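Work through the exercises below with the sequence and the model at hand. Each task is followed by a solution in steps.

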Amino acid sequence: NYLLSLKSPNTRDHQQQQQTDTEQQQQPQQQQAQQQQTQQHQQQQQPQPPSQQQQQQQHTPAMKTTVRMYIADNRFNLPDDPMAPVVMVGPGTSVGPFVGFLQERSAMLPHTELGFAMLFFGCRRREELTYVKEMHQAHSNGSLSCLEVIFSREHKQQAKKYVQDMMVKHGVRLWQLLSEEGAHMYICGDIAMVGQVYGAIVGIVAEHGHMNGEEAVRALKKLEDE
């Protein structure tokens, strides 16, 4: 009888050989994956061609805007004589320039004696009042002699009243200021409002100056020229 002894290969050597074979098989796959990643990275870094919208924006010429400016004589100033009476009419935000007038008159005090100053101001409702602090301050220090305020829509049941209605109410005093005291009158606002105020002034001149409409217009024109 023979005893045949078969020696199996060393287990550790066998595992190392399998691992080596596996690594050799994986190396080409890993290299291929790295090459693909490198190509993708290079493609991302390369500048992309502009889209059609970007090309249109690049070739669209910039729009040119022409702004026309001119210099006009400014006649909206206080009279040179601080004693000359002043009548100001400015509803809503149109009262802004007259706040500047009042601040200028306030700066003259107390070293300069000031003439009579009257302001007609109107807005729709009481909560829409603007420059309240400045008006009260001017009235307190004497740079504003008389402040007349009217609200056109505060009471829905009543007819709407505007600054020209308040002017008619004080027609006697306005006629006296214009005809006897040489007052300077300023009106600030939109064209429609200015036309209505001017019509009220013509009516005041005609009524208290005992004139007809045409005579009142000529009288106002004469005052403007003076």
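**Exercise 1. A pair within one element**

In which helix do F98 and F101 both lie, and how many residues apart are they?

Solution. The model is a predicted one.
Step 1. Locate the residues: F98 and F101 belong to helix α3, residues 96–108. Their spacing is 3 residues, about one turn of the helix.
Step 2. Check the rings. F98 and F101 form an edge-to-face aromatic pair, with 5.8 Å centre to centre and 65 degrees between the planes. The cut-off for edge-to-face is an angle over 60 degrees.
Step 3. Check exposure: both F98 and F101 are buried.

**Exercise 2. A pair across the sequence**

Determine which parts of the chain are tied together by the aromatic pair of F76 and Y186.

Solution.
Step 1. Take the geometry of the pair. The rings of F76 and Y186 are 5.6 Å apart centre to centre, with 75 degrees between the planes, and the pair is edge-to-face.
Step 2. Place each residue. F76 sits in the loop between α2 (52–59) and β1, and Y186 sits in strand β4, so the pair ties together parts 110 residues apart in sequence.
Step 3. Compare the accessibilities. F76 is partly exposed at a relative accessible area of 29%, whereas Y186 is buried at 8%.
Step 4. Put the pair in context. The count of aromatic pairs comes to 5, and ring pairs link F76, F98, F101 and Y186 into a cluster.

**Exercise 3. The overall layout**

Describe the order of helices and strands and the range of the contacts in the protein chain.

Solution.
Step 1. Count the elements: the protein chain has 8 helices and 4 strands.
Step 2. Read the order. From the N terminus on, it is α-α-β-α-β-α-β-α-α-β-α-α.
Step 3. Look at the contacts. Among those in the protein chain with a separation of 6 or more, 69% are between residues 24 or more positions apart.
Step 4. Consider burial: 26% of the 226 residues of the protein chain count as buried.

**Exercise 4. One side of a helix**

Which residues of helix α6 are buried, and what covers them?

Solution.
Step 1. List the buried residues of α6, which spans residues 171–179: G171, L174, W175, L177 and L178.
Step 2. Find how they are arranged around the axis. They cover an arc of only 160 degrees, which means that they are on the same side of α6.
Step 3. Identify the cover. The elements over the buried residues of α6 include β1 (86–89), β2, α5, β4, α7 and α8.

**Exercise 5. Two pockets**

Characterise the largest pocket and the second largest pocket by volume, lining and residue class.

Solution.
Step 1. Begin with the largest pocket, which holds about 850 Å³ of space. It is lined by 16 residues, and H184, M185, Y186, L223 and E224 lie nearest its centre. Two or more lining residues come from each of β4 (184–187), α7 (191–208) and α8 (213–225). The largest share, 4 residues, is from β4.
Step 2. Sort this lining by class: 11 nonpolar, 2 polar and 3 charged residues.
Step 3. Turn to the second largest pocket, with about 350 Å³ of space. Its lining has 21 residues, of which P91, G92, G122, C123 and Y162 lie nearest the centre. Here β2 (117–123), β3 (146–151), α5 (163–169) and α7 give two or more residues each.
Step 4. Sort the second lining by class: 7 nonpolar, 9 polar and 5 charged residues.

**Exercise 6. Backbone and loops**

Examine the backbone at P110, Y131 and H210, and the position of G142.

Solution.
Step 1. Start with the proline. P110 is in the loop between α3 and β2, and the peptide bond from L109 to P110 is cis, with omega near 0 degrees.
Step 2. Go on to Y131, in the loop between β2 and α4. Y131 is not a glycine, yet its phi is positive, about 55 degrees. At 37% relative accessibility, Y131 is partly exposed.
Step 3. Treat H210 likewise. H210 lies in the loop between α7 and α8, and its phi is near 55 degrees, a positive value in a residue other than glycine. H210 is exposed, with a relative accessible area of 72%.
Step 4. Finish with G142, in the loop between α4 (132–141) and β3. G142 counts as partly exposed at 38% relative accessibility. G142 and A117 are 25 residues apart in sequence and 9.0 Å apart in space, C-alpha to C-alpha.

Definitions and conventions
Residues numbered from 1 in each chain as written. Predicted model: local features only at pLDDT ≥ 70, side-chain atom pairs only at ≥ 80, totals over all residues. Heavy atoms only, no water. 1 Å grid on protein atoms, 1.4 Å probe; cavity = no way out; pocket = protein on both sides within 12 Å on 5 of 7 lines; lining within 4 Å. Points joined across faces, edges and corners; volume = space filled by probe spheres on them. Nonpolar A, V, L, I, M, F, W, Y, C, P; charged D, E, K, R; others polar. Buried < 20%, exposed > 50% of the residue type's maximum accessible area, 1.4 Å probe, protein only. Arc of directions from axis to C-beta. Contact = heavy atoms within 4.5 Å. Phe/Tyr/Trp six-rings, centres within 6.5 Å; stacked < 30°, edge-to-face > 60°.
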